[in-house]
Amino acid sequence: ESTDGVGPGTLRIPAIVDDIVSTMRQMDLSVEGVFRKSGNIKKLNELVEKIDRDGAVDLSGNNVVQVAALLKRYLRALPDPLMTHKLYRLWLAASKIDDEEKKRHCLHLVCCLLPKVHRDCLEILFCFLKWTGSFHQVDDDAGSRMDIHNLATVMAPNVLYNNAKQLSLVSDPIYAIDAVESLITYIEEMCMVSISIVSCLLIDD
């Protein structure tokens, strides 16, 4: 159970995601290129094997880039991506809407269609990523250089892709990144289920 979501309650998410987020919140996230760099592949493979063998492990001995790489590896390995194969085209269609207010409203609707386990994990993860983006520039000389747009660019291929695990059209990556960036930016809004949203879903049903 995690209390790192938008609201005051707890959300049930995979233990490994909770461990990674909790560990990274104690680390220096102003390290340049966090989430963009791939880390040490050999050490990452050894860490994955240890987790598969022993279950939960202490991640604090790893550097922040390595732990971030582990999170991307976990998300990419899910049998159904975090934002799901089923809703892939809806996410892209929503992100193509020119009117910003309508686009956010449609993205919110799609978010409400996610299975609860996916929606809860997305809420925890994207809240964390939004916080991570605040370290993109600590001062004139320091910062991760990973603002929300850059984080969305590197995270989108791990959470939003089609059944072939690739973006099928030339334009798909742009809209997938846009959808992820909007969700991270407006995560507080996206995770609130308003009366108007419920009404729309009931009408659709």
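Here is a chat between a student and a tutor about a predicted model of one protein chain.

Student: Okay, starting simple: how many helices and how many strands are in the chain?
Tutor: There are ten helices and zero strands. Read from the N terminus, the elements go α-α-α-α-α-α-α-α-α-α. Keep in mind that this is a predicted model.

Student: And what share of the residues is buried?
Tutor: Buried residues make up 44% of the 205 in the chain.

Student: What about contacts, how many join residues at least 24 apart?
Tutor: Take the contacts between residues at least 6 apart in sequence: 73% of those join residues at least 24 apart.

Student: Let's look at a pair of helices. At what angle do α1 and α6 pack?
Tutor: About 15°, with the axes 11 Å apart. Helix α1 covers residues 15–25, and helix α6 covers residues 116–133.

Student: So what do you call that arrangement of α1 and α6?
Tutor: Roughly parallel, because angles under 35 degrees count that way. The crossing of α1 and α6 is left-handed.

Student: Which residues meet there?
Tutor: From α1 you have V17, V21, M24 and R25, and on the α6 side they meet C121, F128 and W131. Sorted by class, this contact has six nonpolar residues, one charged and no polar.

Student: Does α6 have another partner? Where do α7 and α6 come in, and how do they cross?
Tutor: Helix α7 is residues 148–159, and its axis comes within 9 Å of the α6 axis. The two cross at roughly 150°, and α6 passes α7 in a right-handed crossing.

Student: Which residues make that contact?
Tutor: On α6, look for F126, L129, K130, T132 and G133. On α7, look for I148, L151, M155 and V159. By class, the contact of α6 with α7 has six nonpolar, two polar and one charged.

Student: Switching topic: I clicked on T23. Where is T23 placed?
Tutor: T23 is in helix α1.

Student: Buried or exposed, that T23?
Tutor: T23 is buried: its relative accessible area is 16%, and buried means under 20%.

Student: What does T23 touch?
Tutor: If you skip residues up to four places away in sequence, T23 touches L59 and S60. There's also a polar atom of the T23 side chain lying 2.7 Å from the backbone oxygen of D19.

Student: What about S22, right next door? Which backbone oxygen does the S22 side chain reach?
Tutor: The one of D18, at 2.8 Å. S22 lies in helix α1 too.

Student: How does S22 count for accessibility?
Tutor: Partly exposed, at 33% relative accessibility. That value falls between the buried limit of 20% and the exposed limit of 50%, which is why S22 gets the middle label.

Student: And how far is S22 from S60?
Tutor: Their C-alpha atoms are separated by 9.8 Å, and the two residues are 38 apart along the chain.

Student: Last one: where is S30 found?
Tutor: S30 is in the loop between α1 and α2, where α2 is residues 41–54. S30 counts as buried, at 16% relative accessibility.

Student: What is S30 in contact with?
Tutor: Leaving aside neighbours within four places in sequence, S30 contacts F135, V138, G143 and S144.

Student: You mentioned G133 in the α6 contact with α7. How far apart are S30 and G133?
Tutor: In sequence they're 103 residues apart, and in space 9.1 Å from C-alpha to C-alpha.

How values were computed
Residues are numbered from 1 along each chain as its sequence is written. This is a predicted model: local features need pLDDT of at least 70, side-chain atom pairs count only at pLDDT 80 or more; totals for chains, interfaces and linings use all residues. Side-chain values use heavy atoms; hydrogens and water are left out. Axes are lines fitted to C-alpha atoms, for helices over the stretch in contact, and angles run from 0 to 180 degrees between N-to-C directions. Helices (H or I, at least four residues) and strands (E, at least two) are DSSP runs, numbered from the N terminus. Angles under 35 degrees count as roughly parallel, over 145 as roughly antiparallel, 65 to 115 as roughly perpendicular and the rest as oblique. A crossing is left-handed if the near helix is turned anticlockwise from the far one by less than a right angle, and right-handed if clockwise. Contact means heavy atoms within 4.5 Å. Ala, Val, Leu, Ile, Met, Phe, Trp, Tyr, Cys and Pro count as nonpolar, Asp, Glu, Lys and Arg as charged, and the others, Gly among them, as polar. Buried means under 20% relative accessible area, exposed over 50%, partly exposed in between (1.4 Å probe, protein chains only). A polar contact is a pair of N or O atoms within 3.5 Å; within protein, one must be able to donate a hydrogen and the other to accept it, and residues adjacent in sequence count only if both atoms are side-chain atoms.
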